[in-house]
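Here is a short briefing on charge pairing and internal space. Please look over the structure first.

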Amino acid sequence: MDKRTHIIMTALSLFYQKGIHSVGINEIISVAGVAKKTMYHHFASKDELLLACLSERHNRFLNWLTHATSKLTTVEEFKVALISCHEAWFNSEVTELGDFNGCLFINTAAEFADPASPINQACKEHKMAVQQLIKQRLSACNNMESSQLDSHSHYLMTLVEGMICQAKLVGIKHFPHLKQ
């Protein structure tokens, strides 16, 4: 793994476990075992590093969700798969996402609440991409009418976001009643 990637992976882990404002550059440098010069050679600022971390997590999350919900032919199958794969994540059973600590994008957007912030925008773009993936998956289902795509994808996105918050804040890790 090259130094840039190593720094991103280290920072991503620290940000996800502790929060953005709770982690300083010196802690990232120390845990990554790199020199300050190396850090600033790759990233001009903590915000630039955070954007790289968000991009890494975005790609990892979308790849996981794409794979977890592929090859489904009905809306019912998709809904069960969507809920089941999130339950696996909540129970820290998804290796590529690591131990569950809520949604990095929700957590980060709470710390960078200004809608004009590039960091807040990256969080919003991630959520829009997830909803677009849900919509694409629904459109491939043989029992989904195109007139229902927008409302159904919005509904499922809202459901999943609520599940994430329930899993993080309340500790609910299974949602069997939603699979019916």
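**Salt bridges and a cavity**

K127 and E161 are both buried. The two side chains also form a salt bridge, with 2.9 Å between the closest N and O atoms. The model is a predicted one. Side chains of opposite charge can pair when their charged atoms come close.

**The K127–E161 pair**

- The structure holds five salt bridges, in total; K127 with E161 is one such pair.
- K127 sits in helix α7 (residues 118-139) and E161 in helix α8, so the bridge ties together parts 34 residues apart in sequence.

**The D150–K135 pair**

- D150 and K135 meet through their side chains in a salt bridge, at 2.4 Å from N to O.
- This pair ties together parts that are 15 residues apart in sequence, because D150 lies in helix α8 and K135 in helix α7.
- K135 has a relative accessibility of 24%, so this residue counts as partly exposed.

**The E87–K179 pair**

- E87 forms a salt bridge with K179, and the closest N and O atoms are 2.7 Å apart.
- The pair links distant parts of the chain, with the two positions 92 residues apart in numbering terms: E87 and K179 are 92 residues apart.
- E87 belongs to helix α5 (residues 75-90), while K179 lies in the segment after α8 (149-170).
- E87 is buried, because its relative accessible area is 7% and the cut-off for buried is under 20%.
- K179 has a relative accessible area of 29%, so this residue is partly exposed.

**The cavity**

- How many cavities of 30 Å³ or more does a search of the whole structure find? The search finds one.
- The largest cavity holds about 80 Å³ of space.
- Its lining is made up of 14 residues. Closest to the centre are F61, W89, C103, H126 and K127.
- Elements that give two or more residues to this lining are α4 (46-68), α5, α6 (104-111), α7 and α8.
- Which element gives the most to the lining of the largest cavity? Helix α8 does, with four residues.
- By class, the lining has nine nonpolar, two polar and three charged residues.

**Where the topics meet**

- K127 appears under both topics: this residue pairs with E161 in a salt bridge, and K127 is among the residues closest to the centre of the largest cavity.
- Helix α8 also appears under both: E161 lies in α8, D150 lies in α8, and α8 gives four residues to the cavity lining.

Technical notes. Residues are numbered from 1 along each chain as its sequence is written. This is a predicted model: local features need pLDDT of at least 70, side-chain atom pairs count only at pLDDT 80 or more; totals for chains, interfaces and linings use all residues. Side-chain values use heavy atoms; hydrogens and water are left out. A salt bridge is a side-chain nitrogen of Lys or Arg within 4 Å of a carboxyl oxygen of Asp or Glu. Buried means under 20% relative accessible area, exposed over 50%, partly exposed in between (1.4 Å probe, protein chains only). On a 1 Å grid over the protein atoms alone, a cavity is a set of points where a 1.4 Å probe fits but cannot get out, and a pocket is an open set with protein on both sides within 12 Å along at least five of seven lines; lining residues have an atom within 4 Å of a point. Grid points are joined across faces, edges and corners, and a volume is the space filled by probe spheres set on the points. Ala, Val, Leu, Ile, Met, Phe, Trp, Tyr, Cys and Pro count as nonpolar, Asp, Glu, Lys and Arg as charged, and the others, Gly among them, as polar.
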